[in-house]
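Visitor: Hello! Could you walk me through this protein, one question at a time?

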Amino acid sequence: MKIHHLTLSLLLIAALSACSTLTQTTPVAPPAPTTKAQEITRAQTSTLTKLGNITAEAIGSPMDVEAAIQRKADAAGARYYVITFNSESIIPGRWYSSAILYR
């Protein structure tokens, strides 16, 4: 029984170590600014200034709430944004999203 617990513990440690390896990112330059805010990845934020956080809700599809995030980012004067959360709410077809804005 002790060997079984030890094996499970070692497997859990190995799995958690693998997860931390996957979350490490190498910084990447963001794309050139355009007239509209652009969605970027977390790896592209290392040289940017954080402006704040926004949220949006939309009825329709995930793309509808992502478009709402982009409109809010444009209105806030952000050049870039990273969507941190995008999920359907308990009401089918109603989507909620949050993002971090950058300049």
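Visitor: Is R94 buried, exposed or partly exposed, and why?
Guide: Welcome! Three classes are used: buried means under 20% relative accessible area, exposed over 50%, and partly exposed in between (1.4 Å probe, protein chains only). R94 has 31% relative accessibility, so its class is partly exposed.

Visitor: Where do these values come from?
Guide: This is a predicted model, in which local features need pLDDT of at least 70 and side-chain atom pairs count only at pLDDT 80 or more, while totals for chains, interfaces and linings use all residues. Residues are numbered from 1 along each chain as its sequence is written, and side-chain values use heavy atoms, with hydrogens and water left out. The score pLDDT is the predictor's confidence in each residue, from 0 to 100. Here 77% of the residues score at least 70, and the protein's average pLDDT is 88.

Visitor: Which side chain does R94 meet in a salt bridge?
Guide: A salt bridge is a side-chain nitrogen of Lys or Arg within 4 Å of a carboxyl oxygen of Asp or Glu, and the structure holds one. In this one the distance is 2.9 Å, N to O, between R94 and E57. The pair links distant parts of the chain, with R94 in strand β4 and, 37 residues apart from it, E57 in strand β2. The partner is E57.

Visitor: In what order do the elements run from the N terminus?
Guide: Helices (H or I, at least four residues) and strands (E, at least two) are DSSP runs, numbered from the N terminus. The protein has two helices and four strands. Helix α1 (residues 2-23) has the lowest mean pLDDT among the elements, 61, and strand β1 (residues 38-39) has the highest, 98. The order is α-β-β-α-β-β.

Visitor: How many bridges join β3 to β4?
Guide: Two strands pair if DSSP finds at least two bridges between them. β4 pairs with β2 in the antiparallel sense over nine bridges, and one partnership there is K50 with Y102. β3 and β4 also run antiparallel, with N86 facing S97 as its bridge partner. The number of bridges joining β3 to β4 is eight.

Visitor: Which residue takes a positive phi in the hairpin of β3 and β4?
Guide: That hairpin has five residues between its strands. The phi value in question is near 85°, and the residue is G93.

Visitor: How many residues of β4 are buried?
Guide: One example is S98, which lies in strand β4 and counts as buried because its relative accessibility is 14%. S98 also has contacts (heavy atoms within 4.5 Å) with I54, T55, I69, V82, I83, T84 and F85, leaving out residues up to four places away in sequence. β4 has nine residues and is largely enclosed by the rest of the structure, because the number buried is seven.

Visitor: Which element gives the largest share of the largest nonpolar core?
Guide: A nonpolar core is a set of buried Ala, Val, Leu, Ile, Met, Phe, Trp, Tyr and Cys residues joined through side-chain atoms within 4.5 Å. The largest one has 14 residues, and I69, A73, Y81 and L101 touch the most other members. Two or more residues come from each of β2 (50-59), α2 (62-75), β3 (80-88) and β4 (94-102). The largest share, four residues, belongs to α2.
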